[in-house]
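User: I would like a close look at one part of this model, with enough of its surroundings to place it. Please take the parallel sheet and explain how it is put together and what lies around it.

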Amino acid sequence: MRSGGARPAYAIAVMFEFRLDATQGSARAGTLTLPHGEIRTPAFMPVGTHGVVRGLSPKEIERTGAQIFLGNTYHLHLRPGEDVIREMGGLHRFTTWSRPMLTDSGGFQVFSLEGLRRISENGVEFQSHVDGTYRTLTPERAMEIQWALGADVAMAFDHVVPGQAPYELALEGMERTLRWLDRCRSSHAQFVDQATSVRSEPLSTIPPFRLSAFPRQTLWPIVQGGTHDDLRRRSLEGTLERGPWTGIAIGGLSVGEPKPVMHRVLEALEPVLPRDAPRYLMGVGFPADLLEGIARGVDLFDCVAATRNGRHGTAWLPTGRINVRGAALKGSTAPLDPECDCETCTTYPRGYLRHLFVVEDMLGLRLVSLHNVRFLVRLGEQARSHILAGTFDGWSREWLRRHHARGT
RNA sequence: GGUGGGGUGACCGAGUGGCUAAUGGUAGCAGACUGUAAAUCUGCCGGGCUCUGCCCUACGUAGGUUCGAAUCCUACCCCCACCA
């Protein structure tokens, strides 16, 4: 297939594939194929907003077993700028991460940077928190930037509203997200078409550096609708009408709404979601949230909590969580999590980790972040093997019981 | 020995008659964090209790003035600087 001649048209399609390996109830185990490799699901994706999973090197992330990590359109646009990254060969070359990547669109910043932005139908004007300059992100611009970044998956530019948003606001965000999805889709298609036209050249005549820079990216839509089931349904149906898609994201959850509400929304969407596309629950979550999501048919997760909590001294354990700064750990020779196989847990005693936080050495932040990432990645691996074995229900029930028995 | 300055809660350090159990900061303790403006933020931090309040003990020590003192007066102890 790669030996001379025009690249077959189906090559692009084959680059993005999702295969279901097993299901148990709504829980699914699958294999997602992306241009930079395969992802076995369910899977947790660490967040590397600025092209780095805070505090951890790509090599360390690789060793956690993470199969993909995220970058952020808004933040990478501000620093170093998408042109810089494109010139360096794209996000993969830039970061040296050779596995799949996904970029978030900046839609979440519409929510998180409220106060620094103004929304209009055209797009969102942000005032940069870095230097105060005004930057406008539109669906088209978000696609342009993500195309330049060159991740395997680009996310649609959406309008995220708070979890407690009243119906009217949730409706507005949901409908705008759909209108913006049309613009994202046609804009992204233009980039794909441009790239595809290159394929009329014989592959053998394309210099290797251009081959490696071959734009290979898919676009995933985001379902919105706040906490209102009917809006969620409408959002999903509207999204599907605009398909087909190689993956579908559920956004606007875990942004302040109660957990049962998030579960209810997932349950409302699950029967309508296509079986043959991965479902990505954005911004989730804590360990228990992963299992609750998996049980409701979610395949992919991302969350900053692993690294943020790690930096702030909270480590996840099978039995709940622990404050690494706590006086209880003083002098302890026990491993952080005796059941964990990460570098932190197989090397350092609790008393040393606590000490690192007390003296405010950056190593402490890194080691606990590393553990938390591994903890979630491993949870995904465990869930997958139990789904394949048909033992997911009982295992996850027991896991959650133990996890909630002490702490959260 | 003389002169001047000073002794405040674990530490540093404000406060110079009542609003002071006593500003701040540090240390200590606890908590929060979910598509990252976060190595951040919040609370507690003399003791006790029947704990939206009450009672003790507290600003070197001992007295005194005053309705009322960490704040004014006296003596003593200690520390620092300079002079002998």
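Analyst: What follows begins with the confidence of the model, then turns to the sheet, and ends with the surface near the RNA.

This is a predicted model, and the predictor gives the complex an ipTM of 0.89 and a pTM of 0.91. Chain A averages a pLDDT of 92, with 91% of the residues scoring at least 70. Two stretches call for caution: over residues 1-13 the pLDDT is below 50, and this stretch has 12 contacts in the model beyond near neighbours in sequence, while residues 208-213 also have a pLDDT below 50, with 3 such contacts.

The setting of the sheet is a chain with 17 helices and 17 strands. Chain A has a radius of gyration of 21 Å, close to the 22 Å that the globule rule gives for 408 residues, and is therefore as compact as a globular protein of that length. Along the principal axes, its C-alpha atoms fill a box of roughly 65 × 50 × 50 Å.

The sheet itself is open and has 4 strands, which pair in parallel in the order β5-β6-β10-β11. Because β5 (69-72) and β11 (218-220) each have a single partner strand, they stand at the edges, and one side of each is left without a neighbour in the sheet. Neighbouring strands are turned against each other by 30° on average, direction ignored.

In general, strands of a sheet pair through backbone hydrogen bonds, in either a parallel or an antiparallel way. Here, β5 pairs with β6 (residues 101-104) in the parallel sense over 4 bridges, and Leu-70 stands opposite Leu-102 in β6. Helix α7, which covers residues 139-149, lies across β5, β6 and β10 (153-155), and runs at about 160° to β10.

The edge strand β5 also leads to the RNA. There are 46 residues around RNA strand B, and among them His-129, Val-160, Gly-283, Gly-285 and Val-304 come nearest. The elements that give two or more residues to this surface are β5, α6 (107-112), β15 (300-303), α13 (305-312) and α16 (362-389). Of the surface near RNA strand B, the largest share comes from α13, with 6 residues. By residue type, the surface near RNA strand B divides into 20 nonpolar, 19 polar and 7 charged residues. Strand β5 thus appears in both parts of this account, as an edge of the parallel sheet and as one of the elements that give two or more residues to the surface near RNA strand B.

How values were computed
Residues numbered from 1 in each chain as written. Chains lettered and ligands numbered in written order. Predicted model: local features only at pLDDT ≥ 70, side-chain atom pairs only at ≥ 80, totals over all residues. Pairing = 2+ DSSP bridges. Axes fitted to C-alpha atoms, helices over the stretch in contact; angles between N-to-C directions. Contact = placed C-beta atoms within 7 Å. Near = placed C-beta within 6 Å. Nonpolar A, V, L, I, M, F, W, Y, C, P; charged D, E, K, R; others polar. pLDDT = per-residue confidence, 0-100. Rg over C-alpha atoms; globule rule 2.2 N^0.38 Å.
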